Amino acid sequence: MILITGSTGFIGSAMVKYLEANSFKIRSGSRTKKNNKYWKLDISNKDEVEKSCENIDSIIHLAALDFAQSEKNFEEAKRINFLSSQNLYNSAVNNGVKNFIYFSTCHVYGENLRNNVTEQIIPKPISNYAKTHYMTENYLNNCLLQKKMNISILRLSNIVGCPYTNEMKRWKYVANELCIQAIKNKEIILNTKGNQKRDFFSVENLLITIKNLLHLKEKQLLNGTYNIGSGKSISVLRLAELISLECKSIFGFNVDVIIGNVPVKTEDYNYDISKIKKTNIYNKSNSINESIKKMLIYCKENF
């Protein structure tokens, strides 16, 4: 049995649906129990956390305040993103969980998210969101020394993917936001010149990689910190152009890309994924173009 926290979020809902389709037994943790499919889990509630870990083999921990929520209040971000994660890990130990998969973010590198970014680069997080994720990383790395369970810390780059449920209407990811602009307005407006670079990773590749990780035998399970992304950076402008081209190919209409003048610091960088590629669980068979196509079709049908 696998516990997935944050199972109603963008990645969490995709993870639940995909793993269930691949014959995994899932306990879907959700702060709001919408129906019998969800296990009521407020990760700040110690009793609910303890109960949620009963009879669990692996935990995929995704629940956290998002970037905007975290920036409003550092103490609240610390309570949810860090202290609740600490409680979840301790409850996992108490219940004999064997495998703890924690989703962190590439933004923990902060000021050092430039040049060649390997796991050996010292993080210098800037935002509350990144700081609280790095606090959790440090706690889990200390726990690794105790060898009570396998701990995988995944520093995820920028995800590209279509929602796996029609209830998911949040478009906080840049690729999703640009796709809905393209469909609704037949134009994409960027606030900046779009020169800032991002590593965009397809949600399909992420889901297959996690499935492969869960299929590993206990002695083979990953321990430590891993960058996970495409290993190839492109500009936001180039992403917008790809979306425009796909609109022309699929629907036959042109989408203008309009750049802005808001100044933004740009850094060239390579998000180094050589460490996770050596594990043989990493999947890269799906391109972001395939994910863009699915998103555009979804937007056309739902907006």
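**Exercise 1. A salt bridge within one helix**

Arg238 and Glu241 share helix α8, where 3 residues, about one turn of the helix, separate them. For this predicted model, determine how the side chains of Arg238 and Glu241 meet, and classify the exposure of Arg238 and of Glu241.

*Solution.*
Step 1. The two side chains form a salt bridge, with an N to O distance of 3.6 Å. A salt bridge requires such a distance to be within 4 Å, and the pair satisfies this criterion at 3.6 Å.
Step 2. The relative accessible area of Arg238 is 36%, so this residue is partly exposed.
Step 3. Glu241 is likewise assigned to the partly exposed class, because its relative accessible area is 32%.

**Exercise 2. Salt bridges between separate elements**

The structure holds 5 salt bridges in total. Examine Lys197 with Asp268 and Lys294 with Glu204, stating where each partner lies and how exposed it is.

*Solution.*
Step 1. Lys197 and Asp268 meet through their side chains at 3.0 Å, N to O. This pair links distant parts of the chain, 71 residues apart: Lys197 belongs to strand β10, whereas Asp268 is in the loop between β13 and β14.
Step 2. Buried means under 20% relative accessible area and exposed means over 50%, with partly exposed in between. Lys197, at 25%, is therefore partly exposed, and Asp268, at 53%, is therefore exposed.
Step 3. For the salt bridge between Lys294 and Glu204, the N to O distance is 3.3 Å. Because Lys294 lies in helix α10 (residues 288-302) and Glu204 in helix α7, the pair ties together parts that are 90 residues apart in sequence.
Step 4. Lys294 is partly exposed because its relative accessibility is 42%. Glu204 has a relative accessibility of 9% and so counts as buried.

**Exercise 3. The sheet of 7 strands**

Give the strand order of the open sheet of 7 strands, identify its edge strands, and describe the helices α5 and α7 that pack on it.

*Solution.*
Step 1. The order is β3-β2-β1-β4-β5-β7-β11, and the pairing is parallel.
Step 2. β3 (38-40) and β11 are the edge strands, each of which pairs on one side only. From one strand to the next, the twist averages 25°.
Step 3. As a detail of the pairing, β4 (residues 58-61) and β5 are joined in the parallel sense over 4 bridges. Ser58 stands opposite Asn99 of β5.
Step 4. Helix α5 (residues 128-144) packs on this sheet through contacts with β5, β7 and β11, and its direction makes about 150° with that of β5. Helix α7 also packs on the sheet, touching β1, β4, β5, β7 and β11, at about 155° to the direction of β5.

**Exercise 4. The sheet of 3 strands**

Which strands stand at the edges of the open sheet β8-β10-β12, and why is one side of each left without a neighbour in the sheet?

*Solution.*
Step 1. The sheet of 3 strands has mixed pairing.
Step 2. The edges are β8 (158-160) and β12 (233-235); each has a single partner strand, so one side of each has no neighbour in the sheet.
Step 3. Ignoring direction, neighbouring strands are turned by 55° against each other on average.
Step 4. β8 and β10 (residues 197-202) run parallel and are joined by 3 bridges. Ile159 has Phe201 in β10 as its bridge partner.
Step 5. Helix α8 (residues 236-251) packs on the sheet by touching β10 and β12, and its direction makes about 80° with that of β12.

**Exercise 5. The nonpolar cores**

Identify the residues of the largest nonpolar core that touch the most other members, and describe the surroundings of Ile4.

*Solution.*
Step 1. The largest core contains 40 residues, and those touching the most other members are Ile4, Met15, Leu19, Ile60, Phe103, Leu206 and Ile210.
Step 2. At least two core residues come from each of β1 (2-5), α1 (10-21), β5 (99-105), β7 (150-156), α7 (203-215), β11 (224-228) and β14.
Step 3. A second, separate core has 26 residues, among them Ala182, Phe200, Leu239 and Ile292.
Step 4. Leaving aside residues up to four places away in sequence, Ile4 touches Met15, Val16, Leu19, Ile26, Arg27, Ser28, Gly29, Ile60 and Leu62.

Terms used. Residues numbered from 1 in each chain as written. Predicted model: local features only at pLDDT ≥ 70, side-chain atom pairs only at ≥ 80, totals over all residues. Heavy atoms only, no water. Core = buried A, V, L, I, M, F, W, Y, C linked by side-chain atoms within 4.5 Å. Buried < 20%, exposed > 50% of the residue type's maximum accessible area, 1.4 Å probe, protein only. Contact = heavy atoms within 4.5 Å. Pairing = 2+ DSSP bridges. Axes fitted to C-alpha atoms, helices over the stretch in contact; angles between N-to-C directions.
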